[in-house]
Amino acid sequence: MNCIKMAIVGAGLWGEAHASIYNEHPLAQPVAVCDLNKERADAFAAKFGIGQVYTDYREMLKTCDCDAVAVVTPDFLHADIAIACAEAGKDMIIEKPLATTRDDVMRMVDALAKHRVRAMVDMHNRWNPAFNTAKQLVESGGYGIPTNAYFRLNDNLWVATDMLKWCAQSSILWFLGSHSLDTSNWIIGDYPVEVYSVKSEGKLKSLGIDTVDTYMSTYKYKNGAVLQMENSWVTPNGNTNVNDFKFYLLCTDGSFNVNGSSHDLLQVTDNQRVITADILVKNYVFDRCRGFAYESIRSFIDKLAAGEEFHVSINECANVSLALLATMESADTGRPVTIEHI
Ligand SMILES: NC(=O)c1ccc[n+]([C@@H]2O[C@H](COP(=O)([O-])OP(=O)(O)OC[C@H]3O[C@@H](n4cnc5c(N)ncnc54)[C@H](O)[C@@H]3O)[C@@H](O)[C@H]2O)c1
């Protein structure tokens, strides 16, 4: 079977995760990179052995010899690139969230269907061993029906202050809430129909970053289940893990508890602090990519090569974006909001 020639748009932090796994996968090869910043694109190409470098994705789509594209630009810049890829007949993996406006969601869903290209959104917590196992156990039927859940997915402050240059143009709901809502929907096995959300703000604004600190949101599902979801960008930098990551699910005949951030498998201590080492999300074992953040991208290539359905559908991710828009509307208006679905 021929290698899938991958082009990557966005030579940033997460673009590197994509390039690493395309280099390692026997059925893929990174052949092109595009970034508005030429210097960054050149350095990226040199690091990953990529031959074709672009600063304009439209030019890239016209001239580059690629089979599929990874859209790895900031949260609010996925739509136009994905639509141009669809128009060029390229299959694609799009970083989460699918899109951050209703108009973008609808335009993307239409373009992907119209041009009959294949696309997956990188909702990688479905490959997280704890959530994947919980999903299998819930589906086994042995624990009854999900009735209520709690999901906390927070970032240490430095992600907003130091790591991301564009968080004021996004939201913790887009950056982490997209993961926690997608994972909850997937495990509960249904969509939320109504949301009531309250936000707190001030910390990031005091640091000159104009975005909300925390959303506390309650979702009512069609099947009657209730989810409480906490997403914050201001947890203390002293946390041992960049994420504060907890999940609890109560079913009619059992319950599930996930602690995704504070495992005891490997803790590293220096003279200042304790660090919970990342051995789950994205790490290397003898130079091989390991961790669920790589597994989702690996699965995209596997499924694309095999012509099989992806583990994450575009409609599921469109509905996550629509639910997060309703969440922001609720937090802005102080009222419960009915969630639209496609
Ligand atoms: N799956 C995950 O868990 C995960 C983790 C981190 C980031 N992400 C997602 O990946 C995406 C990128 O995040 P990041 O941390 O790599 O951001 P980043 O800022 O490090 O990189 C983004 C890059 O995109 C480039 N860019 C912006 N507009 C462009 C355009 N029109 N054409 C070409 N290049 C353009 C920027 O110059 C920048 O180099 C975001 O959507 C983010 O939410 C996903």
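Helices and strands here are DSSP runs, numbered from the N terminus, and that is how H6 gets its name. With that label in hand, one spot to look at is the end of H6, which is followed by Gly141, a residue with a positive phi near 85°. Keep in mind that this is a predicted model. Below is a quick tour of the ligand's surroundings, two helices and a few backbone oddities.

**Around the ligand**

- The ligand has 23 residues around it, and the closest are Trp14, Asp35, Arg40, Asp75 and His124.
- Arg40 puts a polar side-chain atom 2.5 Å from an oxygen atom of the ligand.
- Trp166 also has a polar side-chain atom by a ligand oxygen atom, here at 2.8 Å.
- Leu36 joins in through its backbone: one of its N or O atoms lies 3.4 Å from a nitrogen atom of the ligand.
- On its own the ligand has 850 Å² of accessible area, and the protein covers 89% of that.
- Two elements, helix H1 (13-24) and H8, give two or more residues each to the shell around the ligand.

**Helix H6**

- H6 runs over residues 129-140, and its 12 residues should span 16 Å at 1.5 Å a residue; the end C-alpha atoms are 16 Å apart, so the two values agree.
- Which residues of H6 are buried? They are Phe131, Ala134, Lys135 and Val138.
- Looking down the axis of H6, you'd find those buried residues within an arc of 100°, so they line one face of the helix.
- As general background, an α-helix has 3.6 residues a turn, so residues three or four places apart point the same way.
- What do the buried residues of H6 pack against? Their partners are strand E7 (146-156), helix H8 (172-188), strand E11 (243-251) and strand E12 (254-259).

**Helix H1**

- H1 also has 12 residues, which should span 16 Å at 1.5 Å a residue; its end C-alpha atoms turn out to be 18 Å apart, which counts as agreement.
- The buried residues of H1 are Gly15, Ala17, His18, Ala19, Ser20, Ile21, Tyr22 and Glu24.

**Backbone oddities in loops**

- Going from Lys96 to Pro97, the peptide bond is cis, with omega near -10°.
- You'll find Pro97 in the loop that links strand E5 (91-94) and helix H5 (102-114).
- Arg116 isn't a glycine, yet its phi is positive, at about 50°.
- Arg116 sits in the loop between H5 and strand E6 (119-121).
- Is Arg116 buried or exposed? Its relative accessibility is 76%, and exposed means over 50%, so Arg116 counts as exposed.
- Asp287 is another residue that has a positive phi without being a glycine, this time about 70°.
- Look for Asp287 in the loop between strand E15 (283-285) and strand E16 (288-290).
- Asp287 counts as exposed because its relative accessibility is 70%.

**Glu39 in helix H2**

- Glu39 belongs to helix H2, which covers residues 38-48.
- With a relative accessibility of 68%, Glu39 counts as exposed.
- Glu39 and Thr55 are 16 residues apart along the chain, and their C-alpha atoms are separated by 9.8 Å.

Notes: Residues numbered from 1 in each chain as written. Predicted model: local features only at pLDDT ≥ 70, side-chain atom pairs only at ≥ 80, totals over all residues. Heavy atoms only, no water. Helix = DSSP H or I, 4+ residues; strand = E, 2+ residues; numbered from the N terminus. Expected span 1.5 Å × (residues − 1). Buried < 20%, exposed > 50% of the residue type's maximum accessible area, 1.4 Å probe, protein only. Arc of directions from axis to C-beta. Contact = heavy atoms within 4.5 Å. Near = heavy atom within 4 Å. Polar contact = N/O pair within 3.5 Å; in protein donor to acceptor, adjacent residues only side chain to side chain. Areas by Shrake-Rupley, 256 points an atom, 1.4 Å probe, with all protein chains shown as cover.
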